[in-house]
Amino acid sequence: MKKKESIVLLVSMLFLCLIALAGCGKSVREGTPLKWAYDDLTKLAKKDKIVDVYYVERLDQLNITIKSYGDPDKVFKVLNKDIKGKDIGIIYFNGYYGSSVDDKTDILKHIGNLRCKSIKALGLAKSYYEYTDHSWTNILPKVDTLYTETCEPFKGYDSVTKQKLGNVKKLWLKNTVYDGIEVFSGLEELGIDAVVEEYDNRLSSDTIINSQFTTPRSTMPATNKNGETIKPIEPYRDNFIFNHGVYSVDDIKRLKKLPILSKLTIAPTFEKYDINGHGADYIFAISNVRNDIVVNEPKQKISDNKYIKIDELVNLNSHLIEGSREAIVYQFISLDLKGNYKRAKKFKVKKGKPKLKDKAVVYKISPYVANYSTKKKFYDNGTIQTKKDLGNTIKTPERAGDYRYFVYVYPVYKYYGKYDKGTKAYTETYYIQVSDIKKKVTYKPIKIGTAKPEKKFSYSGSIPNKHSGSVKEKKIEKAIKKLG
């Protein structure tokens with residue numbers, strides 16, 4: 001009797017061991033949840049051909065393309081099985097040409113209900129963002145970073161959905177166009193020149209730069225004779241060349257609308273980045289709007305999380321921007337000119353001769369034949385005087401808003417008579433008016449000089465309607481410099 005009991009006990013123990021070993025085998029599946037999903041979705045793709053998947057191991061990034069004739073329910077069933085309750089990396093949903101309204105609606109609802117615990121970065125193709133169904137935003141509380149090509153589509157979202165977007169803390173942008181970025185009112189970190197699309201072939205340090213642009217258009221993947229996608233070699237993304245030759249100061253000024261933005265990350269999906277002259281210009285331009293933020297250091301690995309103050313980065317690259325610094329500053333100041341003129345008109349008028357004791361913006365108007373005004377008015381055909389124009393007598397701004405005085409140099413005209421061929425003749429008088437923006441006072445205009453129309457003048461083409469005398473440029477320049 002005892003012998004039988006001992007045999008039963010031994011068999012039971014062996015059975016329990018086998019169960020334990022089986023359980024251990026399941027729990028040690030290699031890779032990440034997104035890698036598991038990639039493997040399982042690849043099997044589904046071979047069987048039903050309803051989905052394309054692509055995986056970047058270095059970034060733990062999964063790209064999913066659900067085909068128009070596919071069944072989103074099948075795809076998300078496999079995906080959710082692998083990511084349920086897990087923290088996952090970067091996941092990007094490509095758009096697919098020909099997807100129906102029902103397809104998009106179904107996919108967006110599934111995205112909004114992903115079963116993972118958290119997502120490092122979520123990206124959707126622009127065609128999804130632009131679609132009227134915004135149920136994908138339900139997943140945002142689980143998302144650490146949102147990726148988008150452009151912010152523009154979000155301007156058309158309803159107020160409730162915009163509130164959800166306002167809670168996004170980190171945003172990656174494919175480019176540096178900020179139209180609509182004010183929707184992300186709670187943004188703390190902005191990443192620019194991010195790459196998550198599978199076929200984005202941005203420049204790396206080993207690529208010859210033959211263009212001022214660093215972001216060539218993405219190309220569609222190659223296919224074989226059967227129409228199947230040929231998987232390319234993973235893009236070489238080690239050292240991004242930050243090279244922004246074209247930008248708009250109006251666009252950069254939108255960064256002012258992000259009250260708690262504190263960090264700018266350049267090329268967040270690359271290992272590191274380097275900066276050249278155009279890139280240094282761009283960083284300096286941003287510093288004119290947001291010098292309170294920090295930027296990741298060039299030539300340092302993203303994973304090392306090394307950030308420095310943006311002004312420090314500007315100073316490190318001062319040799320690259322020396323020839324363009326003044327022009328960049330004046331691009332910003334040019335947007336203030338009309339506003340300064342209108343503000344100055346409301347200031348208290350002060351007598352006496354002004355003296356420019358601090359930095360000044362000197363805006364000189366050129367004669368404008370099409371509108372010989374008989375009184376002072378704002379003209380948009382003037383030029384901001386540079387250091388070269390002003391010499392050492394007047395201090396000029398070193399960044400946007402860095403000035404105390406607004407100096408307006410302008411002409412007025414008085415009708416004098418007519419020439420024999422009908423051209424109206426005018427007398428030209430130039431004035432200088434100084435406004436102290438800090439003290440909110442405007443000095444009375446100073447007369448520079450008057451020039452009567454010549455007795456006769458030469459012209460080419462048709463007979464001009466108007467002609468005036470011309471105050472000599474040297475006289476105007478001398479009067480300006482006397483203010484210093």
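The turns below take up some terms used for this structure and the values behind them.

Reader: What kind of model is this, and how are its residues numbered?
Author: This is a predicted model, in which local features need pLDDT of at least 70 and side-chain atom pairs count only at pLDDT 80 or more, while totals for chains, interfaces and linings use all residues. Residues are numbered from 1 along each chain as its sequence is written, and side-chain values use heavy atoms, with hydrogens and water left out.

Reader: How many helices and strands are there in the protein?
Author: The protein has 14 helices and 20 strands, where helices (H or I, at least four residues) and strands (E, at least two) are DSSP runs, numbered from the N terminus.

Reader: Why is helix H8 called oblique to helix H11?
Author: Helix H8 (residues 277-287) and helix H11 (residues 325-334) pack at an angle of about 40 degrees, with their axes 10 Å apart. Angles under 35 degrees count as roughly parallel, over 145 as roughly antiparallel, 65 to 115 as roughly perpendicular and the rest as oblique, and therefore H8 is oblique to H11.

Reader: Which residues make the contact between H8 and H11?
Author: On H8 they are Asp281, Phe284 and Ala285, and on H11 they are Arg325, Ile328, Val329 and Phe332, contact meaning heavy atoms within 4.5 Å.

Reader: What makes aspartate 40 count as buried or exposed?
Author: Buried means under 20% relative accessible area, exposed over 50%, and partly exposed in between (1.4 Å probe, protein chains only). Aspartate 40 has 12% relative accessibility, so it counts as buried. Its place is in helix H2 (residues 33-48), and, leaving aside its neighbours within four places in sequence, aspartate 40 is in contact with Arg29, Val78, Lys81 and Asp82.

Reader: Why is lysine 49 called partly exposed?
Author: Lysine 49 is called partly exposed because its relative accessibility is 44%. This lysine 49 lies in the loop between H2 and strand E1 (51-56), and its phi is near 55 degrees, a positive value in a residue other than glycine.

Reader: How do you know whether alanine 267 is buried or exposed?
Author: At 0% relative accessibility, alanine 267 falls under the limit and therefore counts as buried. Alanine 267 is found in the loop between strand E9 (263-266) and strand E10 (272-275), and its phi, near 50 degrees, is a positive value in a residue other than glycine.

Reader: How many disulfides does the structure hold?
Author: The structure holds 0 disulfides, a disulfide being a pair of cysteine sulfur atoms within 2.5 Å.

How values were computed. Axes fitted to C-alpha atoms, helices over the stretch in contact; angles between N-to-C directions.
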